[in-house]
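Got the viewer open? Let's take a short walk through this protein, going from the whole chain down to single residues.

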Amino acid sequence: EYLSAENISSPSKLAIVGGSNGGLLVTACITQRPELFAAAVAQVPVTDMLRFHKFTIGYAWISDFGTSEKADEFATQIKYSPVHNCDASVGRFPATMVTTADHDDRVVP
C-alpha cells in the first residue's frame with residue numbers, strides 16, 4: 001500500500017518472494033491481500049498452520065507459531081493459515097509459483 005500511495009510502484013509491477021517462513025509470509029499476503037501483487041514466489045512455504053507440528057521437525061516450531069491444539073492459539077492461526085484462507089471468491093490471485101523439495105525434512109511438501 002505504501003509503495004502505491006507514494007507512487008513508487010503499483011500492484012501491477014510488484015512481486016513478492018520468500019522462502020520457508022518467508023514463504024509463509026508470501027502465501028499469507030497473497031491470500032489476504034491478493035490485489036497488492038502481480039506475482040508471487042513462495043519457496044518451501046509453511047502453509048498449513050493448523051497441522052505443521054504433526055510432520056517431521058514441525059513440533060519444534062510450536063514455540064514460534066503456537067499449536068492449534070490450544071483454543072486461543074488456534075483462533076490466531078486460523079486467521080492467517082494460507083491453506084485455510086484461500087478463497088476462490090476473491091477472484092484474481094497474483095501469478096504464483098510455489099516450490100517444494102521432495103527431501104525437505106523441515107517443510108513437508
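Start with everything selected: of the 109 residues of the protein, 31% count as buried, where buried means under 20% relative accessible area, exposed means over 50% and partly exposed lies in between (1.4 Å probe, protein chains only). Before you zoom in, bear in mind that this is a predicted model, in which local features need pLDDT of at least 70 and side-chain atom pairs count only at pLDDT 80 or more, while totals for chains, interfaces and linings use all residues. Residues are numbered from 1 along each chain as its sequence is written, and side-chain values use heavy atoms, with hydrogens and water left out.

Now switch to a cartoon view. You'll find four helices and three strands, counted as DSSP runs (helices: H or I, at least four residues; strands: E, at least two) and numbered from the N terminus. Follow the chain and the pattern reads α-β-α-β-α-α-β. Turn the C-alpha trace around: along its principal axes it spans about 45 × 35 × 25 Å. How much of the contact network joins residues at least 24 apart? Among contacts between residues at least 6 apart in sequence, the share is 59%, with contact meaning heavy atoms within 4.5 Å.

Next, select Tyr2, in helix α1 (residues 2-5). Tyr2 counts as exposed because its relative accessibility is 57%. Add Leu3 and Ile8 to the selection, and you have a nonpolar surface patch with about 320 Å² of accessible area together. Patch members have over 30% relative accessible area and no salt bridge; like charges are joined within 9 Å, and nonpolar side chains (Val, Leu, Ile, Met, Phe, Trp, Tyr) within 5 Å. A salt bridge here is a side-chain nitrogen of Lys or Arg within 4 Å of a carboxyl oxygen of Asp or Glu.

Move on to Thr31, in helix α2 (residues 21-32). Is Thr31 buried or exposed? Thr31 counts as buried, because its relative accessibility is 12%. Its side chain reaches the backbone oxygen of Thr27 at 2.9 Å. Show what surrounds Thr31: leaving aside neighbours within four places in sequence, Thr31 is in contact with Pro82, Asn85, Cys86 and Phe93.

Last stop: the cysteines. The whole structure has zero disulfides, a disulfide being a pair of cysteine sulfur atoms within 2.5 Å. For Cys29, the nearest cysteine sulfur is that of Cys86, 14 Å away, which is too far for a bond. Colour the pair by accessibility: Cys29 is partly exposed, at 23%, while Cys86 counts as exposed, at 55%.

Key:
Areas by Shrake-Rupley, 256 points an atom, 1.4 Å probe, with all protein chains shown as cover. Polar contact = N/O pair within 3.5 Å; in protein donor to acceptor, adjacent residues only side chain to side chain.
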